[in-house]
Amino acid sequence: MAPVRLRHPKGVTTIQVDFNATVQDFQQEIFAVTEIAPSHQERGIPSHPLTLVPELLIDSLGLQQGE
């Protein structure tokens with residue numbers, strides 16, 4: 001598990017992510033914290049839309065700890 005920081009309209013939240021979970025699980029966890037639908041979730045600064053395959057593991061996204 002590793003921390004991932006989420007910036008959203010309500011503020012900033014850090015969640016613990018299991019990189020062996022699926023992308024879909026990750027998106028649902030983001031939604032639970034931020035109420036941002038998976039179809040509206042973005043990555044990076046400046047932000048850009050994500051093109052994802054829900055069945056892949058989170059590790060396939062190439063995220064770095066603290067990103």
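**Figure 1. Leu6 sits in strand β1.** This is a predicted model. Leu6 has a relative accessible area of 9%, so it counts as buried, the cut-off being under 20%. Setting aside neighbours within four places in sequence, Leu6 is in contact with seven residues that can be picked out by name: Gly11, Val12, Thr13, Ile15, Ile30, Val33 and Thr34. Gly44 lies 38 residues away along the chain from Leu6, and their C-alpha atoms are separated by 9.9 Å.

**Figure 2. Thr34 belongs to helix α1.** Thr34 is buried, with a relative accessible area of 5%. Which residues does Thr34 touch, not counting those up to four places away in sequence? They are Leu6 and His8. The contact with Leu6 links this view to the previous one. Lys10 is 24 residues from Thr34 along the chain. The C-alpha atoms of Thr34 and Lys10 are separated by 7.3 Å.

**Figure 3. Glu35 follows in the loop between α1 and β3.** Is Glu35 buried or exposed? Its relative accessibility is 55%, so Glu35 counts as exposed, the cut-off being over 50%. The backbone of Glu35 also deserves a look. Most residues other than glycine have a negative phi. Glu35 is not a glycine, yet its phi is positive, at about 65°.

**Figure 4. Arg5 has its place in strand β1.** Arg5 is partly exposed, and its relative accessible area is 41%. Glu55 is 50 residues from Arg5 along the chain. The C-alpha atoms of Arg5 and Glu55 are separated by 22 Å.

**Figure 5. Ile45 is found in the loop between β3 and β4.** Strand β3 covers residues 42–43, and strand β4 covers 48–49. Ile45 counts as exposed because its relative accessibility is 71%. How far apart in space are Ile45 and Arg7? From C-alpha to C-alpha they are 10.0 Å apart. In sequence, Ile45 and Arg7 are 38 residues apart.

**Figure 6. The largest nonpolar core has 13 residues.** Those with the most contacts inside this core are Val4, Ile15, Val17, Phe19, Phe26 and Ile58. Which elements each supply at least two residues of the core? They include strand β1 (2–8), strand β2 (11–17) and helix α1 (23–34). Ile15 appears here and also among the contacts of Leu6.

**Figure 7. The protein has 1 helix and 4 strands.** Along the sequence, the pattern reads β-β-α-β-β. Of the contacts with a separation of 6 or more, 49% are between residues 24 or more positions apart. Of the 67 residues, 25% count as buried. The C-alpha atoms fill a box of roughly 25 × 25 × 20 Å along the principal axes. Why does the protein agree with a compact globule? With 67 residues, such a globule would have a radius of gyration near 11 Å, and the protein has 11 Å.

**Figure 8. The protein exposes a surface of about 4,600 Å².** Carbon and sulfur atoms supply 52% of this exposed area. How many side chains are positive, and how many negative? There are 4 positive and 8 negative side chains. The centres of the two sets lie 12 Å apart.

Notes. Residues are numbered from 1 along each chain as its sequence is written. This is a predicted model: local features need pLDDT of at least 70, side-chain atom pairs count only at pLDDT 80 or more; totals for chains, interfaces and linings use all residues. Side-chain values use heavy atoms; hydrogens and water are left out. A nonpolar core is a set of buried Ala, Val, Leu, Ile, Met, Phe, Trp, Tyr and Cys residues joined through side-chain atoms within 4.5 Å. Buried means under 20% relative accessible area, exposed over 50%, partly exposed in between (1.4 Å probe, protein chains only). The radius of gyration is taken over C-alpha atoms; the globule rule is 2.2 Å times the number of residues to the power 0.38. Contact means heavy atoms within 4.5 Å. Accessible areas come from the Shrake-Rupley method with a 1.4 Å probe; for residues, only the protein chains shown count as cover. Lys and Arg count as positive and Asp and Glu as negative; His and the chain ends are not counted. The place of a charge is taken as NZ of Lys, CZ of Arg, CG of Asp or CD of Glu.
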